[in-house]
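The following account leads the reader through a single protein chain, strand by strand and then residue by residue. Please keep the sequence and the model in view while reading.

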Amino acid sequence: QVQLVESGGGLVQAGGSLRLSCAASGRTFSNYAMGWFRQAPAKEREFVAAIGSGGAISYAASVKGRFTISRDNAKNTVYLQMNRLKPEDTAVYYCATSRTVGWVRSDYEYWGQGTQVTVSS
């Protein structure tokens, strides 16, 4: 059974940084793409970043240049380093896994439970 467990969320002031982690189990981690999505209250879940099994990376325009996605296949973990955070980055952040890099929710098969990120102004 595939399990994804996010951690690293919290409360930070605008301009600050956080690093999210997502530990995966239940499948050969290195064979699959990993993505980060976020969902703010009363909004749709939106794509943030993804990294393929071969290392190809994609970012949403709203986070490009501020967020960095990376993976450590030895630790079965994907990371999201978030710098220069803004109040509009406040959301629950989810990691997900897919066979290939995708940009929409339906591209991903398995999801974590989410971790709250709150950015105060």
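Strands β4 and β9 make a convenient point of entry: they pair in the antiparallel sense over seven bridges. Within this pairing, Arg38 stands opposite Tyr93 in β9. The model discussed here is a predicted one, and the values quoted below are computed from it.

Strand β9 has further partners. With β11 it pairs in the antiparallel sense over three bridges, and there Ala91 stands opposite Val117. With strand β10, which covers residues 110-111, β9 also pairs in the antiparallel sense, over two bridges; Tyr110 in β10 is the bridge partner of Thr97. How many of the eight residues of β9 are buried? Seven are, so the strand is largely enclosed by the rest of the structure.

The overall architecture can now be set around this strand. The protein has eleven strands and zero helices, and its pattern along the sequence is accordingly written as β-β-β-β-β-β-β-β-β-β-β. Its radius of gyration is 13 Å, close to the 14 Å that the globule rule gives for 121 residues, and the protein is therefore as compact as a globular protein of that length. The C-alpha trace spans about 40 × 30 × 25 Å along the principal axes. Of the contacts with a separation of 6 or more, 58% are between residues 24 or more positions apart. Buried residues account for 45% of the 121 residues. The protein exposes about 6100 Å², of which carbon and sulfur atoms supply 47%.

A second set of pairings centres on strand β8, residues 77-82. Five of the six residues of β8 are buried, and the strand is mostly covered. Strand β3 (residues 18-25) pairs with β8 in the antiparallel sense over six bridges, and Val78 in β8 is the bridge partner of Cys22. Strand β7 (residues 67-72) runs antiparallel to β8 and is joined to it by six bridges; here Phe67 has Met82 as its bridge partner. The hairpin of β7 and β8 has four residues between the strands, and Asn76 takes a positive phi near 50° in it.

Several of these residues recur in the interior. In soluble globular proteins, nonpolar side chains tend to be buried together. The largest nonpolar core of this protein has 30 residues, and those touching the most other members are Trp36, Val48, Phe67, Val78, Leu80, Met82 and Tyr93. Two or more residues of this core come from each of β3, β4 (33-39), β5 (46-51), β7, β8, β9 (91-98) and β11 (115-120). Strand β5 gives the largest share, five residues.

Three buried positions show how the elements meet. The first to consider is Phe37, which lies in strand β4. Phe37 has a relative accessible area of 0% and is therefore buried. Phe37 and Val92 are 55 residues apart in sequence, yet their C-alpha atoms are 8.4 Å apart in space. Beyond its neighbours within four places in sequence, Phe37 is in contact with a number of residues, among them Phe47, Val48, Val92, Tyr93, Tyr94, Trp103 and Trp111.

Val117, in strand β11, is likewise buried, with a relative accessible area of 0%. Not counting residues up to four places away in sequence, Val117 touches Gly9, Gly10, Leu18, Leu20, Met82, Asp89, Thr90, Ala91 and Tyr93. A separation of 16 residues in sequence divides Val117 from Val101, and the distance between their C-alpha atoms is 24 Å.

The contact list of Val117 includes Asp89, the last of the three positions. Asp89 is placed in the loop between β8 and β9. Is this acidic residue buried or exposed? Its relative accessibility is 1%, and because the cut-off for a buried residue is under 20%, Asp89 counts as buried. The side chain of Asp89 forms a polar contact of 2.9 Å with that of Arg38, the residue that stands opposite Tyr93 in β9. Apart from neighbours within four places in sequence, Asp89 is in contact with Arg38, Arg66, Phe67, Arg84, Val117 and Val119.

How values were computed
Residues are numbered from 1 along each chain as its sequence is written. This is a predicted model: local features need pLDDT of at least 70, side-chain atom pairs count only at pLDDT 80 or more; totals for chains, interfaces and linings use all residues. Side-chain values use heavy atoms; hydrogens and water are left out. Buried means under 20% relative accessible area, exposed over 50%, partly exposed in between (1.4 Å probe, protein chains only). Two strands pair if DSSP finds at least two bridges between them. A nonpolar core is a set of buried Ala, Val, Leu, Ile, Met, Phe, Trp, Tyr and Cys residues joined through side-chain atoms within 4.5 Å. A polar contact is a pair of N or O atoms within 3.5 Å; within protein, one must be able to donate a hydrogen and the other to accept it, and residues adjacent in sequence count only if both atoms are side-chain atoms. Contact means heavy atoms within 4.5 Å. The radius of gyration is taken over C-alpha atoms; the globule rule is 2.2 Å times the number of residues to the power 0.38. Accessible areas come from the Shrake-Rupley method with a 1.4 Å probe; for residues, only the protein chains shown count as cover.
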